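Reader: Could you pick one part of this structure and take me through it slowly, then show me what lies around it? I'd enjoy a connected account.

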Amino acid sequence: MKILGNSIQIKEINEVIQQVAPTDISVLITGESGTGKELVANSIHSFSKRKDKPFITVNCGAIPEGIIESELFGHQKGAFTGAIESRSGYFEMADKGTIFLDEIGDMPLATQVKILRVLESGEFMKVGGSKKVFVDVRVIAATNKNLEVEVISKNFREDLYFRLRSVNINIPQLRERKTDIKVLFEKFVDDICKKNSIDFAGINDDALNYIVNYVWYGNVRELKNFCESIIVLNPNKVIGIDDVKRNLHSVNFETRPLPAIPNVSRDLNEKDLIIRGLIELKTDILDVKDLIRNKYSVITDEMDNNGFYINKNEIELMNGEDIERELIKYLLKLHNWNVNKVSDNLSQSKRNIYRKINKYNI
């Protein structure tokens, strides 16, 4: 079961899935809500040697803190009020298979300690129990939080973070991979029509372009929900741009709330985060400028033989992304689109170069 999409990012994610699926190493999947993290986890399991064994999904953020350990590890009869019988937890249910810990960033710190022990030794004790239980379980975790910030804020254990992210698959937002939107739209429409016995009369170009260029803050989940509503409400009708607009509400950027800053320690308050972000941004811009000036010696007043040119008077007016885009275009041309050589030149991963090629429409 491959992830659907034509973008470079999705193709690369599918390649990584094929590489890690046959192994038993843990995988951390990150990305905004609605990007399809559970779908990626399912895909990893379906290509693994455990595909015929259980795949257990646990939403860590939906289980109250007081019972999460009982849910994960089980409990013995009489362990607490209401424990009228012994019960197996999700880890036992997933034995020989895969457990998917969704929203692991919401897991209590005390439980994180026990998760780390299971990852390292495959053992745990039930709540109220005195005997060790051993399981053979592959762990895949997912979160929409920035776990590095959560570690700094003391909300997530650093050792568990590094243990989980043996492989980190980050799913880009749908708005960053527009070439996937049409593919997903057609897939969702086809599934909805078959499920509900609805004939789809089609959609005109203006309406489809509007959908492709819409800012999908809810990502793939929002797109799927939109498809369900517009197909059901417009049966046997060619969908036009007015139909689309009635079902989509454009975002007002002036009134849209800023992203919430997570709880941070006294040593790292909101002001510190903002200042650090600004410093990092300024540093990135200066680094790129220095790279062009010193390493490649390409800032000249005349076009060089390879076709790269940035006027001395213009470079100071360009932001980091402008310069980076021109530099990547130049290096791709110089190396005949050999991405490996470009990634070596810039000391960046091949995956990152592909993302920027897609981002800058190179």
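Author: Happily! Let's start at K96, which sits in the loop between α4 (90-93) and β3. Please keep in mind throughout that this is a predicted model. K96 is not a glycine, yet its phi is positive, at about 75°. How buried or exposed is K96? Its relative accessible area is 44%, and since buried means under 20% and exposed over 50%, K96 counts as partly exposed.

From that loop we step into β3 itself. This strand covers residues 98-102 and runs parallel to β2, with 5 bridges joining the two. One contact to look for is T57, whose bridge partner in β3 is F100. On the way to β6 (residues 138-143), β3 again has a parallel neighbour, this time joined by 4 bridges. Follow F100 across and you arrive at I140, its bridge partner in β6. F100 is thus a handy residue to centre your view on, as it is paired with T57 of β2 and with I140 of β6.

Now let's zoom out a little. Which order do the strands take in the sheet? Reading across, it is β2-β3-β6-β1-β7, an open sheet of 5 strands with parallel pairing. At its edges lie β2 and β7 (167-170), each of which pairs on one side only. Going from one strand to the next, the twist averages 20°.

The edge strand β2 deserves a closer look, because its side chains alternate along residues 55-59. I56 and V58 point to one face and are buried. F55, T57 and N59 point to the other face and are not buried. So T57, the residue that pairs with F100, has its side chain on the face of β2 that is not buried.

From the other edge strand, β7, we can move to an enclosed space. The count comes to 1 cavity of 30 Å³ or more, with a volume of about 40 Å³. Its lining consists of Q9, E12, I13, N170, P172, R351 and R355. The elements that give two or more residues to this lining are α1 and α16 (350-359). The largest share, 3 residues, comes from α1. By class, the lining has 2 nonpolar, 2 polar and 3 charged residues.

Helix α1 (8-20) then leads us on to an open space, as it supplies at least two residues to the lining of the second largest pocket. So do α2 (37-46), α8 (179-196) and α10 (219-233). This pocket has a volume of about 680 Å³. Its lining holds 28 residues, and those nearest its centre are G34, T35, G36, L39 and V220. Sorted by class, the lining has 12 nonpolar, 5 polar and 11 charged residues.

Finally, α10 brings us back to the theme we began with. In the loop between α10 and α11 (241-247) you will find N236. Like K96, with its positive phi, N236 is not a glycine but has a positive phi, here about 55°. N236 has a relative accessible area of 55%, and because exposed means over 50%, N236 is classed as exposed.

Definitions and conventions: Residues numbered from 1 in each chain as written. Predicted model: local features only at pLDDT ≥ 70, side-chain atom pairs only at ≥ 80, totals over all residues. Heavy atoms only, no water. Buried < 20%, exposed > 50% of the residue type's maximum accessible area, 1.4 Å probe, protein only. Pairing = 2+ DSSP bridges. Axes fitted to C-alpha atoms, helices over the stretch in contact; angles between N-to-C directions. 1 Å grid on protein atoms, 1.4 Å probe; cavity = no way out; pocket = protein on both sides within 12 Å on 5 of 7 lines; lining within 4 Å. Points joined across faces, edges and corners; volume = space filled by probe spheres on them. Nonpolar A, V, L, I, M, F, W, Y, C, P; charged D, E, K, R; others polar.
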